[in-house]
Amino acid sequence: MIPLNSSVVSGVALSKIDGEVKMLLMKRVKGGFWCHVAGSIEEGETGIGAIIREFKEETQIEVSNLYNAQFLEQFYEASVNVIQLIPVFVVMCPPEQKVTLNEEHTEFKWCRLEEALELAPFPNQHAVFKHVWSYFVEKPVNALYQVNVG
């Protein structure tokens, strides 16, 4: 049997950079690959609380405009024999959002969709980015997806 793990959250930040909407990717120290924000849900924490904390820890972005992306990342993690089910969030940032990375990442880049797809190595990342772009950039954002961070 392969156990399921749902103790991780992830999020894609969007900001208008130089007049164009872009998504934030960061290069991880561990593995050296490009990714979006993700992290574990701590004891007593909700998924919403976890993604807000992870954005602050990894990027110093204060989350105030949060959406449920209506998407689950899912993949088999062979090293621990677990199927990961990860809810995805979207953070709508103000224009020209500043980023300050923590020690988990070496660099960041605000990307158009095509660039994000070139940088990110995993098919599930591509699925996340395409979904987010379709529902949060190309179309008006559905107010039903907004999450109260209050």
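Which residue in β7 does Leu-4 stand opposite? The partner is Ile-83. This is a predicted model, and strand β7 is a good place to start reading it.

**Strands around β7**

Strand β1 covers residues 4–5 and pairs with β7 in the parallel sense. Strand β2 also runs parallel to β7. Strand β6 runs antiparallel to β7. The table sets out these pairings.

| Strand paired with β7 | Sense | Bridges | Residues standing opposite |
|---|---|---|---|
| β1 | parallel | 2 bridges | Leu-4 and Ile-83 |
| β2 | parallel | 5 bridges | Ala-13 and Val-91 |
| β6 | antiparallel | 9 bridges | Glu-77 and Val-82 |

Strands β6 and β7 form a hairpin, with 4 residues between the strands. Asn-81 takes a positive phi there, near 50°.

**Helix α1**

Helix α1 spans residues 47–59, which makes 13 residues. From first C-alpha to last, α1 reaches 18 Å. That is close to the 18 Å expected at 1.5 Å a residue. Just after α1 comes Gln-60, and its phi is positive, near 65°.

Which residues of α1 are buried? They are Ala-50, Ile-51, Arg-53, Glu-54, Phe-55, Glu-58 and Thr-59. An α-helix has 3.6 residues a turn, so residues three or four places apart point the same way.

What do the buried residues of α1 pack against? They pack against β2 (8–17), β3 (20–28), β5 (37–40), β6 (66–77), β7 (82–92) and β8 (105–111). Strand β7 thus appears again, here as one of the strands packed against α1.

Notes:
Residues numbered from 1 in each chain as written. Predicted model: local features only at pLDDT ≥ 70, side-chain atom pairs only at ≥ 80, totals over all residues. Heavy atoms only, no water. Expected span 1.5 Å × (residues − 1). Buried < 20%, exposed > 50% of the residue type's maximum accessible area, 1.4 Å probe, protein only. Contact = heavy atoms within 4.5 Å. Pairing = 2+ DSSP bridges.
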